[in-house]
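This briefing is meant to be read beside the sequence and the coordinates. It goes from the whole chain to single residues, and then to charges and surface patches.

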Amino acid sequence: DLMGNPEVKDVFLKRSAIVHEIRSFFHGRGYVEVETPAMQAIPGGAAAQPFKTFHNALGCDFYLRIALELYHKRLLVGGIDKLFEIGKNFRNEGLSRRHNPEFTMLEAYCAFGDYESMMETVQSLICHVANQVLGTLKVTLRKQTAVRKAITDAREALGALEISAQKALEIPRLDARFLGRDPVPSHTDIAVKLAEALKELERVEAKLKQGGDVSLLAQEARRVLENFAEYSLTFGFDHDQVQEVAMAQEKFVQALTVPDIDLTPNWKRARYKDLVKEKAGADWFDISPAERRQRAHDLGAEIGKEYEDFEVTGAVFEKLIEPTLIQPTFVTHLPKELVPLAKLSPDDPTTVEVLECCINGQEIAPGYTEQNDPIAQRNTLEHQAGGEQQKLDEDFLVALEHGMPPAGGIGIGIDRLCMMLLGQESIRDVILFPQLKPK
């Protein structure tokens with residue numbers, strides 16, 4: 001793939017540049033880069049299924065880490081006030097367009113910070129990376145992806161006409177006098193025109209890959225289809241067949257309406273509950289859990305029978321709201337049940353001081369005011385652990401008892417950040433060796 005497709009290689013060269021600029025950004029702000037264990041006796045810092053292994057020398061089980069967080073907070077206790085790490089996490093879960101079991105994560109913590117200061121950090125970091133690697137804060141690659149898809153659809157429409165033209169050869173052609181029009185073009189003529197149109201589309205696609213003007217190239221591709229559609233009528237294609245080409249033309253118009261991602265500060269902010277109310281009704285948090293479950297189902301949110309009430313609300317946000325947040329948006333003040341490692345909001349004890357940075361319809365970076373009260377932290381972790389389901393990390397709680405300074409923390413999925421900045425539709429397209437089933 002790398003040998004045959006220069007644009008694929010370019011994606012990974014830019015990914016390397018993105019990671020380099022992330023390190024430069026944090027070093028410039030006085031952060032210390034640290035390394036923490038990838039094999040842990042107790043996996044913590046997130047709610048996820050870990051991979052399990054056995055340590056022969058120690059004679060006990062270990063787990064590949066699912067998050068970096070709890071070890072970073074130990075370092076805050078130890079006196080490292082500003083730290084970050086870029087490392088691999090592992091979660092024994094399904095694969096999808098946005099998920100890979102092994103993924104790269106950035107986490108950063110700053111003593112005496114909070115969720116507000118971490119919002120500034122996220123915004124400044126992403127703007128710095130975009131400027132340095134892309135040279136702009138307007139990410140047009142999302143539109144470019146839509147135009148490429150329109151080109152693929154246009155090729156398919158022309159391919160369908162080519163099959164029809166081949167079949168037409170098998171039917172004796174009527175004399176032009178009975179058709180009441182000029183002689184029908186020969187198969188050779190239509191084949192030449194098809195080849196010319198497909199070649200023009202390939203040329204447009206090549207210019208797109210080289211960074212040409214997306215809008216001008218989309219209009220050029222549309223004109224190619226218009227010219228061919230007009231000519232194809234004289235060959236005797238039926239209305240439905242020509243309509244396929246017309247629909248392909250329309251997809252270029254639709255592709256041009258896809259908005260660019262504008263990373264220019266100041267990014268939009270919205271409270272989690274307000275967004276849910278806009279989508280699910282102003283009375284969402286006042287009705288009974290049973291009514292919420294039914295309404296979520298009616299809205300089309302996928303919810304399981306075992307979902308707790310707060311998970312139903314979470315499903316509404318994740319399935320129906322998050323995909324609509326294309327422009328950079330900080331969603332704040334999430335329900336406390338969703339983030340047990342964050343501090344409660346003083347103005348609403350049912351929520352925590354949390355941010356979720358959403359861009360291009362997916363979460364890019366969560367962050368929050370860290371919980372540093374060892375008693376409150378033990379209570380929330382015991383509630384999250386649910387008896388035998390997850391062990392408490394007693395070493396972490398003992399560390400908190402020694403005194404962790406107030407702090408803010410963030411996590412950014414490097415793979416998703418690269419997807420957004422480099423205009424890739426699947427996480428596999430930004431990972432050199434994505435997880436695949438062995439042959």
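What follows is a summary of a predicted model, grouped by topic.

The chain has 439 residues, and 45% of them are buried. Its secondary structure consists of 14 helices and 14 strands.

**Whole chain**

- Contacts between residues at least 6 apart in sequence are in 69% of cases contacts between residues at least 24 apart.
- The accessible surface amounts to about 22600 Å². Carbon and sulfur atoms account for 52% of that surface.

**Buried positions in strands**

- N89 belongs to strand β5, which spans residues 82–90. With a relative accessible area of 1%, N89 is buried, because the cut-off for buried is under 20%.
- Beyond four places in sequence, N89 is in contact with R65, I66, A67 and L68, and also with P101, E102, F103 and M105.
- G411 sits in strand β14 (residues 407–413) and is buried, at 5% relative accessibility.
- The C-alpha atoms of G411 and L106 are 5.4 Å apart, although 305 residues separate the two in sequence. L106 is also among the contacts of G411, together with M105, E107, I364, A365 and P366, when neighbours within four places are left aside.
- G367 is part of strand β13 (residues 362–369) and is buried, with a relative accessible area of 2%.
- Not counting residues up to four places away, G367 touches E353, V354 and L355 as well as G409 and I410. From G367 to A342, 25 residues along the chain, the C-alpha separation is 8.9 Å.

**Helices α4 and α14**

- A157 is placed in helix α4, residues 141–168. This residue counts as buried, at 7% relative accessibility.
- Outside a window of four places in sequence, A157 touches E244, V245 and A248. Between A157 and Q249 the C-alpha distance is 10.0 Å, with their positions 92 residues apart in sequence.
- In α14, nine of nine residues are buried. They include nonpolar residues such as I414, L417 and L421, and also D415 and R416.
- G423 follows α14 and has a positive phi, near 65°.

**Salt bridges**

- The count of salt bridges comes to 23.
- One of them joins the side chains of E205 and R155, with an N to O distance of 2.9 Å. E205 is in helix α6 (residues 187–209) and R155 is in helix α4, so this pair ties together parts 50 residues apart in sequence.
- The two partners differ in exposure: E205 is buried at 13% relative accessibility, whereas R155 is partly exposed at 28%.
- R295 and D283 meet in a salt bridge at 2.7 Å, N to O. Because R295 is in helix α10 and D283 is in the loop between α9 (272–280) and α10, the pair ties together parts 12 residues apart in sequence.
- Both partners are partly exposed, R295 with a relative accessible area of 24% and D283 with 33%.
- R292 and D309 form a salt bridge in which the closest N and O atoms are 2.8 Å apart. This pair links distant parts of the chain, as R292 is in helix α10 and D309 is in helix α11, 17 residues apart.
- R292 is buried, with a relative accessible area of 8%, while D309 is partly exposed at 31%.
- A network of salt bridges links E69, K73 and E370.

**Surface patches**

- A patch of negative charge on the surface is formed by E306, E308, E311 and E337.
- Within that patch, E308 is located in the loop between α10 (289–299) and α11 (309–321). Its relative accessible area is 46%, so E308 is partly exposed.
- L2, L432 and F433 make a nonpolar surface patch of about 370 Å².
- F433 lies in the segment after α14 (414–422) and counts as exposed, at 76% relative accessibility.

How values were computed:
Residues numbered from 1 in each chain as written. Predicted model: local features only at pLDDT ≥ 70, side-chain atom pairs only at ≥ 80, totals over all residues. Heavy atoms only, no water. Patch = residues over 30% accessible without salt bridge, like charges linked within 9 Å, V, L, I, M, F, W, Y side chains within 5 Å. Areas by Shrake-Rupley, 256 points an atom, 1.4 Å probe, with all protein chains shown as cover. Salt bridge = Lys/Arg side-chain N within 4 Å of Asp/Glu carboxyl O. Lys, Arg positive; Asp, Glu negative; His and termini not counted. Charge placed at Lys NZ, Arg CZ, Asp CG, Glu CD. Helix = DSSP H or I, 4+ residues; strand = E, 2+ residues; numbered from the N terminus. Buried < 20%, exposed > 50% of the residue type's maximum accessible area, 1.4 Å probe, protein only. Contact = heavy atoms within 4.5 Å.
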